[in-house]
Amino acid sequence: MFIDLKLPPEKTSLVSFKSSLKESTTDHYRSIAVAVIISGFLLLGALLFFPALRPHVPHSGILIRPFQNLFQDTLFPLELLSDDEIILPPRWITERLQRRLPQCIIIGVRKSGTRALLEFLSLHPNIKKASDEVHFFDEEQKYSRGLQWYRSQMPYSFPEQVTVEKSPAYFITRYVPQRIKAVNSSIALILVVRNPVTRLISDYTQTRDNRLKKVCTIGIFGTG
């Protein structure tokens, strides 16, 4: 004995309507995805095979290098790209992004947490730090290169950002204050202090460790 179960006509039409609506929605999103993928491939092919469509960058992309600091996770060095492989950001960005002389200098004291202070300050979006100790004002060889060289050691920044440099040797060099004042009399100077005994022990330990490393290195290369 067979029992034929059939839905009422109104329920059957509702189920079929929902099924057709689901299929049409799926087809719609699928067609959009296919269109986006095809458009992306067409744009990529146009940029690869028609170099004239890409903006020209003079002198090995000198205008693009500032943005390597903004995007640290770049998978390849931008300096290795040719002129035709670099696409410039908007002009209004490149015109405002420049290397600027520091408006603030951490002058010391050595082994008082100056590096930690600089790293914490650089977490603020409006502060840009020089990555290394420049020693422009205390080393004659670097000072003789002039302000253009000093500026070239600074990071790229926007006008509203503050550039900060750190060189603890400035605090113990006699002629540094006059040189800094001659460059910018209104520059902000930061001096970090610490318990003198604790600071002396830390300074002595680092100095002794550095000397031991130099002696070991000379010994290794001198035994050949």
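Buried means under 20% relative accessible area and exposed over 50%, with partly exposed in between. The exercises below apply these cut-offs to a predicted model.

**Exercise 1. Decide whether L191 is buried, partly exposed or exposed, and say which surface feature L191 belongs to.**

Solution. Begin with the position in the fold: L191 lies in strand β6, which spans residues 188–191. The relative accessible area of L191 is 39%, and L191 therefore counts as partly exposed. Next, look at the surroundings, where L191 joins F171, I172 and V193 in a nonpolar patch on the surface. Together these four residues offer about 430 Å² of accessible area.

**Exercise 2. Establish how far the model can be read, and describe its overall make-up.**

Solution. The first step is confidence: the average pLDDT of the protein is 77, and 63% of the residues score at least 70. Over residues 56–81 the pLDDT stays under 50, although the model has 35 contacts for this stretch beyond four places in sequence. Where pLDDT is low, the predicted coordinates should not be read in detail.

The second step is the secondary structure, which comes to eight helices and six strands. Read from the N terminus, the order of the elements is α-α-α-β-β-α-β-α-α-β-β-α-β-α. The third step concerns packing and surface: of the 224 residues, 25% are buried, and among contacts with a separation of 6 or more, 76% are between residues 24 or more positions apart. The accessible surface comes to about 16,400 Å², and carbon and sulfur atoms account for 64% of that surface.

**Exercise 3. Find which residues of helix α7 are buried, and work out how they are arranged around the helix axis.**

Solution. In helix α7, residues 176–183, the buried residues are V176, R179 and I180. They cover an arc of only 95 degrees around the axis, so they lie on the same side of α7. The general background is that an α-helix has 3.6 residues a turn, so residues three or four places apart point the same way. On the other side of α7, Q178, K181 and A182 are exposed. Finally, ask what covers the buried residues of α7: the cover includes β2 (104–108), α5 (140–143) and β6.

**Exercise 4. Compare the settings of the salt bridges E119 to R115 and E133 to K166.**

Solution. The structure holds nine salt bridges. Side chains of opposite charge can pair when their charged atoms come close. Take E119 and R115, whose side chains meet with N to O at 3.1 Å. Both residues belong to helix α4 (residues 114–121) and are four residues apart, which means that about one helical turn separates them. E119 is partly exposed at a relative accessible area of 32%, and R115 is likewise partly exposed, at 31%.

Then take E133 and K166, whose closest N and O atoms are 2.5 Å apart. E133 lies in the loop between β3 (127–129) and α5, whereas K166 lies in strand β5 (residues 162–166), so this pair ties together parts that are 33 residues apart in sequence. E133 is partly exposed at 31% relative accessibility, while K166 is buried at 4%.

**Exercise 5. Trace the salt-bridge network that includes R199, and list what R199 touches.**

Solution. Salt bridges that share partners join R110, R199 and D203 into one network. R199 lies in helix α8, residues 196–222, and with a relative accessibility of 18% R199 counts as buried. Leaving aside residues up to four places away in sequence, R199 touches V109, R110, K111, S112 and R194.

**Exercise 6. Identify what is unusual in the backbone at V109, K111 and H135.**

Solution. The background is that most residues other than glycine have a negative phi, and most peptide bonds are trans. The peptide bond from G108 to V109 is cis, with omega near 5 degrees, and V109 lies in the loop between β2 and α4. K111 is found in the loop between β2 and α4, and its phi is positive, near 60 degrees. K111 counts as partly exposed, at 28% relative accessibility.

H135 also has a positive phi, near 55 degrees, and lies in the loop between β3 and α5. With 14% relative accessibility, H135 counts as buried.

Notes. Residues are numbered from 1 along each chain as its sequence is written. This is a predicted model: local features need pLDDT of at least 70, side-chain atom pairs count only at pLDDT 80 or more; totals for chains, interfaces and linings use all residues. Side-chain values use heavy atoms; hydrogens and water are left out. pLDDT is the predictor's confidence in each residue, from 0 to 100. Contact means heavy atoms within 4.5 Å. Patches are made of residues with over 30% relative accessible area and no salt bridge: like charges are joined within 9 Å, nonpolar side chains (Val, Leu, Ile, Met, Phe, Trp, Tyr) within 5 Å. Accessible areas come from the Shrake-Rupley method with a 1.4 Å probe; for residues, only the protein chains shown count as cover. Helices (H or I, at least four residues) and strands (E, at least two) are DSSP runs, numbered from the N terminus. Buried means under 20% relative accessible area, exposed over 50%, partly exposed in between (1.4 Å probe, protein chains only). The arc is that of the directions from the helix axis to the C-beta atoms.
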